[in-house]
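Reader: Please take one part of this model and go through it closely, setting it in the context of the rest of the chain. I would like a single connected account rather than a list.

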Amino acid sequence: MTHLRDAARLDAALRRRALLLIGLTLAGSASAGCGGDAPGGPRVDLIAEALVAVAEAHGDPVAYHEIAADIDSVDLVVANVDGASGEAALYRYDGRLTGPIEPRVDTRDTFTADQVAIDPGTIFEPVREELDDPAIVDFAVHVDGGVLVHDVTIASDSGGVILVLLGRDGEILGIQAR
C-alpha cells in the first residue's frame with residue numbers, strides 16, 4: 001500500500017489483525033533486547049522550535065518538502081532555496097539550527113508550517129497502545145498523493161521495520177512493511 005487513500009480504506013478489523021501480527025513480531029524481538037523508543041523517541045518536541053528557527057533564518061513564508069525527527073534532531077527539507085525552482089536544502093535542528101546544507105533538487109509537493117500541528121505528548125499514543133513497547137525510531141511529515149501525512153518508522157532488533165501512517169492526532173491509518 002503506497003498511498004494514504006489505500007491505507008485509509010483498511011477496515012478496523014484488518015488493521016487490528018495486522019498490528020497484532022506486527023506486535024507479535026516486535027514482541028518476539030523485545031524479548032531479545034528491543035525495548036521501546038530510543039532515549040525519548042524521535043524528537044517531535046523540537047519540531048515547533050525548528051520551524052521558528054528556519055523561518056527566522058530563511059524568511060517567511062517557508063515551503064517544506066519534508067520534516068523528519070529522529071532520536072537526536074529534526075531535519076527540515078526547505079523548498080525553493082534562493083528562489084530557484086526545484087532547488088531545496090536541508091536544515092538540521094537539535095536545539096541549534098544548522099544549514100542550509102546539502103543543496104539538492106527536490107520536486108515533491110510542499111506544505112507550510114501552519115499545516116503542521118503535532119502534539120508531542122500524544123502523537124505516538126495510538127501506536128504505543130496497539131503495539132507493546134514499540135521502538136519508534138523516526139517520525140516524518142510530508143505530502144503523499146496531495147495529502148499531508150505523518151508516519152513513524154518502527155524497528156526491531158531482529159531487523160524488522162514497519163512504516164505506520166498516522167492521522168493528525170496520531171490515529172493509525174495504515175501500515176506498510178519496509
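Author: A polar contact here is a pair of N or O atoms within 3.5 Å, and within protein one of them must be able to donate a hydrogen and the other to accept it. In this predicted model, the side chains of Thr153 and Asp138 are joined by such a contact, at 2.7 Å. Thr153 sits in strand E7 and has a relative accessible area of 6%, so it is buried. Setting aside residues up to four places away in sequence, Thr153 touches Ala135, Ile136, Val137 and Asp138, then Val161, Ile162 and Leu163, and also Arg178.

The part to look at closely is helix H3, and the chain as a whole gives its setting. The protein chain contains four helices and nine strands. Along the sequence they run α-α-α-β-β-β-β-β-α-β-β-β-β. Of the 178 residues in the chain, 44% are buried. Of the contacts between residues at least 6 apart in sequence, 52% link residues at least 24 apart. The accessible surface is about 9000 Å², and carbon and sulfur atoms account for 50% of that area.

Helix H3 covers residues 47-58. With twelve residues at 1.5 Å a residue, H3 should span 16 Å, and because its end C-alpha atoms are 16 Å apart, the model agrees with that expectation. After H3 comes Gly59, which has a positive phi, near 95°. Most residues other than glycine have a negative phi.

Which residues of H3 are buried? They are Ile47, Ala50, Leu51, Ala53, Val54 and Ala55. The buried residues of this helix pack against strands E1, E2, E3, E4 and E6.

The same helix belongs to the largest nonpolar core, which has 35 residues. Ile47, Ile67, Leu76 and Phe139 are the residues with the most contacts inside this core. At least two core residues come from each of H3, E1 (63-69), E2 (74-79), E3 (87-93), E6 (136-144), E7 (147-155), E8 (161-166) and E9 (172-177). H3 gives the most, with six residues. In soluble globular proteins, nonpolar side chains tend to be buried together.

Leu76 shows how the helix and the strands meet. Beyond its neighbours within four places in sequence, Leu76 is in contact with Ala50, Leu51 and Val54. Its other contacts are with Tyr64, Glu66, Ile67, Ala89, Leu90, Tyr91 and Tyr93.

Glu66, one of those contacts of Leu76, leads on to the charged pairs. The structure holds four salt bridges. In one of them Arg108 pairs with Glu66, and the closest N and O atoms are 3.6 Å apart. Glu66 lies in strand E1 and Arg108 in the loop between E4 and strand E5 (111-112), so the pair ties together parts 42 residues apart in sequence. Arg108 has 37% relative accessibility and therefore counts as partly exposed. Glu66, at 22%, also counts as partly exposed.

Arg108 forms another salt bridge with Asp106, where the closest N and O atoms are 2.8 Å apart. Asp106 counts as buried because its relative accessibility is 9%. Through shared partners, the salt bridges join Glu66, Asp106 and Arg108 into one network.

The side chains of Arg92 and Asp75 also form a salt bridge, at 2.6 Å from N to O. Since Arg92 lies in strand E3 and Asp75 in strand E2, this pair ties together parts 17 residues apart in sequence. Where do its two members stand on burial? With a relative accessible area of 30%, Arg92 is partly exposed, while Asp75, at 18%, is buried. The cut-off for buried is under 20%.

Strand E4, one of the elements that the buried residues of H3 pack against, covers residues 97-105. Pro100 is found in E4, and a cis peptide bond joins Gly99 to Pro100, with omega about 5°. Most peptide bonds are trans.

To return to the helix: H3 supplies six residues to the largest nonpolar core, and its buried residues pack against E1, E2, E3, E4 and E6.

Key
Residues numbered from 1 in each chain as written. Predicted model: local features only at pLDDT ≥ 70, side-chain atom pairs only at ≥ 80, totals over all residues. Heavy atoms only, no water. Core = buried A, V, L, I, M, F, W, Y, C linked by side-chain atoms within 4.5 Å. Buried < 20%, exposed > 50% of the residue type's maximum accessible area, 1.4 Å probe, protein only. Contact = heavy atoms within 4.5 Å. Expected span 1.5 Å × (residues − 1). Areas by Shrake-Rupley, 256 points an atom, 1.4 Å probe, with all protein chains shown as cover.
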